[in-house]
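Me: I have a structure open and want to go through it with you. Can we start with the pockets?

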Amino acid sequence: MSERVAIAPVRKTVHVKAPIDHAFDVFTSGLSRWWPFDHGVGKQPIAKVLMEPRLGGRWLEISIDGSETAVATVTVWEPPHRLVLIWQINAQWKPDLSMKSEVDVRFVADGPDATNVELTHHRFETMGAEAGTSLRNDVDRGWPGLLERFAREAEKQG
């Protein structure tokens, strides 16, 4: 008999001094401008990171030699309000299509010139107790710095 494991979600919020449309665009279409290339899971060195802007689109790392590594798949695409990704990375930070943690990103306008970006990374229990807890702890430490990088980039042209 297998016991159901519950692993707490990771919730992070960042306030961006940029209109909602611009914030969404920088988060999705501008991924190469804010995602650090040393945070890759595929073949190194990375030439660019991109997200295919559509339902079923992929978050891809493209290495200098042209090889592509899928990081996530877009399961909800509601510009400029919401994006949901199935994160297909295992606890060893390797691509793994059987992994199904989820990243839900919501963009909430705070007046005409600011946006609150609310990120929830959850469903770690789909990975099993040990691996799910390990990945949860890693992303809990990692998302704040990544969101700050994103906010700085979005505010440059917001």
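Me: What do the residues of the lining of the largest pocket divide into: how many nonpolar, polar and charged?
Reply: This is a predicted model. In it, the lining of the largest pocket has 6 nonpolar residues, 4 polar and 1 charged.

Me: Which residues line the largest pocket?
Reply: Four tryptophans are easy to pick out by name: Trp-35, Trp-87, Trp-93 and Trp-143 are among the lining residues. The others are His-39, Gly-40, His-121, Asp-138, Val-139, Gly-142 and Leu-146.

Me: How much space lies in the largest pocket?
Reply: About 160 Å³.

Me: Which helix gives the most to the lining?
Reply: Helix α3, residues 129-157, with 5 residues.

Me: Switching to strand β5. How many of its residues are buried?
Reply: Strand β5 covers residues 82-87, and 6 of its 6 residues are buried. Trp-87, which also lines the largest pocket, is on one side of β5 with Leu-83 and Leu-85. Arg-82, Val-84 and Ile-86 are on the other side, and both faces are covered.

Me: How many bridges join β4 to β5?
Reply: 6 bridges, with β4 (residues 68-78) and β5 running antiparallel. The two strands form a hairpin, with 3 residues between them.

Me: And how many join β5 to β6?
Reply: Also antiparallel, with 6 bridges to β6, which is residues 101-109.

Me: What stands opposite Arg-82 in β6?
Reply: Arg-106. In β4, Glu-78 stands opposite Arg-82, and Arg-82 itself is buried.

Note on methods. Residues numbered from 1 in each chain as written. Predicted model: local features only at pLDDT ≥ 70, side-chain atom pairs only at ≥ 80, totals over all residues. Heavy atoms only, no water. 1 Å grid on protein atoms, 1.4 Å probe; cavity = no way out; pocket = protein on both sides within 12 Å on 5 of 7 lines; lining within 4 Å. Points joined across faces, edges and corners; volume = space filled by probe spheres on them. Helix = DSSP H or I, 4+ residues; strand = E, 2+ residues; numbered from the N terminus. Nonpolar A, V, L, I, M, F, W, Y, C, P; charged D, E, K, R; others polar. Buried < 20%, exposed > 50% of the residue type's maximum accessible area, 1.4 Å probe, protein only. Pairing = 2+ DSSP bridges.
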